[in-house]
Structures are given as structure tokens and as C-alpha cells.
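Biologist: Before we look at any details, could you show me the model and take me through it one feature at a time?

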Amino acid sequence: MKYWQCLAMLDMKELPTLAKHAEDLGFEGITLGEHLITFSEQYEQYDYSKNSLIRWYPQTHWPEPWVQIAALSQVTSTLRFLTSVYVLPMHDPFNVAKLVSTAANISEGRVILGAGIGWQKSEFDLVDQDFHTRGKRCDEMLDVMSQLWTGEPVSYEGEFYRFPSLQMSPGLDQPLPVFIGGFAEPALRRAARHDGWIGGQHEMEEVEQLLPALYQFRQDEGRSHEHFDIALGLYDMSGRNIERCAELGATKLYRHAFCDENGMASVMSLDEKLRDMETFARQYLV
């Protein structure tokens, strides 16, 4: 099991320093999230926190992740990058394919696409994307994008996307892993069809339930557990919980982004964040 550091919800000016520090300390990679905007007043339930409230503020930074990843890849040499998660059906497959493949090629293959279908209908409404078809569109987008990434001529006839023979160049220089995020059964089944699953911050009781279900869905797809990645975070990163995650087959364990005791976006100074990473590294990355 490898260790990652989440760098979402942080001042983007700090990210190069934090990413280089993560690489120097021996973290395998860093994760970044995506949100286009933050409404001044939340009026939709957020399912990824204990109190159903979003964990950031209107002024919290959410840089475009693929631009940010491409930039960070130029100040690192081995660090890997995962979006946790990119809200795929809030976009069109052509722009996403171009953004992701450009970042992947610039980073020489150090990118993982972590995709989810999103939870905030109001954000979809802003960009005129149908919230109710987002699951089916996500599946079709991933199919379209995989063909565009070949760099070869491709035509397509689907339910949502249809186009004559065309070519997106350059194609991917290296294969690009696709992980799927989400806790509902359709998300777990979708993940089982791809290269990995991304969880959020979990109690161990949730992990004990989610991972066996995920393995069963993988088996239903006739696919081996070998080379299938599981990335997740824990509310309680005690030694025994970490050991148990490894026993259950987790391959990537990521630390939260220096959140406060209520799970809210960090107000720590840059020096405090660097020292926090060093303390963890001394215990787990030696």
C-alpha cells in the first residue's frame, strides 16, 4: 500500500512547494479535486462529510486540476497525480480528453483520471449539462475518450455522442488508468469495470463493508482483483486501521488536506503543513 497526500482546498500558490515536499518525503502521489464554483449559500446536501455540509468556503481555491497537474509535473520528477474526483459529466468528452491527455503527456504518464458523476445539480445547471443523465453520459464519455486517446481516426454512434471520423492528436504516449469515485452501488459497479476505485474519508466500519462489495462487483464483471487499485482516506489513520486497510486490499491511502477537527478546509500555515507531512513521513514512509 502506497501513501498519498491530498492537496485539495489549499491556496494554489502553496501547491508547488507542497508537491515537491511530498515527493522528497517519499509519498507516491498527490490528489486534487474539482469544483467550478462555490455558491455563497449551500442548499444541497453534501454526502461526503459527517454533517452533510460542504467542507470549504466560497474563497477556498479550486484551480482547474489538469492545468495545475501539468504545472506541478514540471517541478517534480516521480510524483504521481490523481483527481479525486473530476466531475466528468459536467463537461464534454472532447475538451476533457484534450485536457487529460495533454497533462498526461506533459507529465510522462504520471496521471490517473479519477472520475465521478457529481452531486451538485445547481453546478450542472450553470453549464447547461443534464444532471439526471450524468451516470449514463459518464459511461459513454469514458468510452469516447478512450478511443480519442488512441490518436487514430475514430467515429462514434452513441446515445449522447455521435460524430463522423475524426482524430485527436497527439494520442496518449502511455496507458492512462481510470479510477471511479462514489459510494453508491452504481458507482461501485462502474469502478469494477475500470482500473480502480476512489473512496472519500471513511470510518473503518464503512471500509469493511465497501471493499467486499466492490470485489464482488469486480467478480461479477469477470475481472481479476489483480492490478485493481483501491484509493481511500480514513478519519482515523491509526496504525491498526492502516494495517487493516492493507489487509483488505487497499493500494493507495491518502491523507486529508490538513483539515481542522471539524473536517473543514485548512487554515494551517504553509510551514505547519510541511511539518505535518514530515511527522507522518517519519512514522510511515521510512
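Modeller: This is a predicted model, and a good place to start is Val-85, which sits in the loop between S3 and S4. The peptide bond leading into Val-85 from Ser-84 is cis, with omega near 0°.

Biologist: Which other peptide bond is cis, and where is its proline found?

Modeller: Ser-169 and Pro-170 are also joined by a cis peptide bond, with omega at about 0°, and Pro-170 belongs to the loop between strand S7 (162–166) and S8.

Biologist: How should I read the backbone torsion phi, and which residues other than glycine have a positive value?

Modeller: Met-9 has a phi near 65° without being a glycine, and its place is in the loop between strand S1 (2–6) and H1. Glu-108, likewise not a glycine, has a positive phi of about 60°, and this residue lies in the loop between H3 and S5. A glycine case can be set beside them, since Gly-26, just after H1, takes a positive phi of about 105°.

Biologist: Are Met-9 and Glu-108 buried or exposed?

Modeller: Burial is read from relative accessible area, with under 20% counted as buried and over 50% as exposed. Met-9 counts as buried because its relative accessibility is 9%, whereas Glu-108, at 62%, counts as exposed.

Biologist: How is the chain as a whole built, and what radius of gyration does it have?

Modeller: The chain holds nine helices and eleven strands. For 286 residues a compact globule would have a radius of gyration near 19 Å, and the 18 Å of this chain therefore agrees with that expectation. Along its principal axes the C-alpha trace spans about 55 × 40 × 40 Å, and 52% of the 286 residues are buried. Among contacts with a separation of 6 or more, 68% are between residues 24 or more positions apart.

Biologist: Which residues touch the most other members of the largest nonpolar core?

Modeller: The general idea is that nonpolar side chains in soluble globular proteins tend to be buried together. Here the largest nonpolar core has 85 residues, and those touching the most other members are Leu-88, Leu-113, Trp-197, Ile-230 and Leu-232. Helix H7 (residues 204–220) gives the most to this core, with seven residues. If we follow Leu-113 and leave aside its neighbours within four places in sequence, its contacts include Trp-66, Tyr-86, Leu-142, Trp-149 and Phe-179.

Biologist: How many residues of H2 are buried, and what covers them?

Modeller: Seven of the nine residues in H2 are buried, so that the helix is mostly covered; among them are Trp-66, Ile-69 and Leu-72. The cover includes helix H1 (15–25), S2, strand S3 (80–83), strand S4 (86–87), helix H3 (93–106) and strand S5 (111–116). Seen from H1, the buried residues of that helix pack against S2, H2 and helix H9 (270–284).

Biologist: Where is Gly-182, and what does it contact?

Modeller: Gly-182 is in the loop between strand S8 (178–181) and helix H6 (185–192), and with a relative accessible area of 10% this glycine is buried. Its contacts, leaving aside neighbours within four places in sequence, are Ala-187, Leu-188, Trp-197 and Ile-198. The C-alpha atoms of Gly-182 and Gly-116 are separated by 6.5 Å, although these residues are 66 apart along the chain.

Methods
Residues are numbered from 1 along each chain as its sequence is written. This is a predicted model: local features need pLDDT of at least 70, side-chain atom pairs count only at pLDDT 80 or more; totals for chains, interfaces and linings use all residues. Side-chain values use heavy atoms; hydrogens and water are left out. Helices (H or I, at least four residues) and strands (E, at least two) are DSSP runs, numbered from the N terminus. The radius of gyration is taken over C-alpha atoms; the globule rule is 2.2 Å times the number of residues to the power 0.38. Buried means under 20% relative accessible area, exposed over 50%, partly exposed in between (1.4 Å probe, protein chains only). Contact means heavy atoms within 4.5 Å. A nonpolar core is a set of buried Ala, Val, Leu, Ile, Met, Phe, Trp, Tyr and Cys residues joined through side-chain atoms within 4.5 Å.
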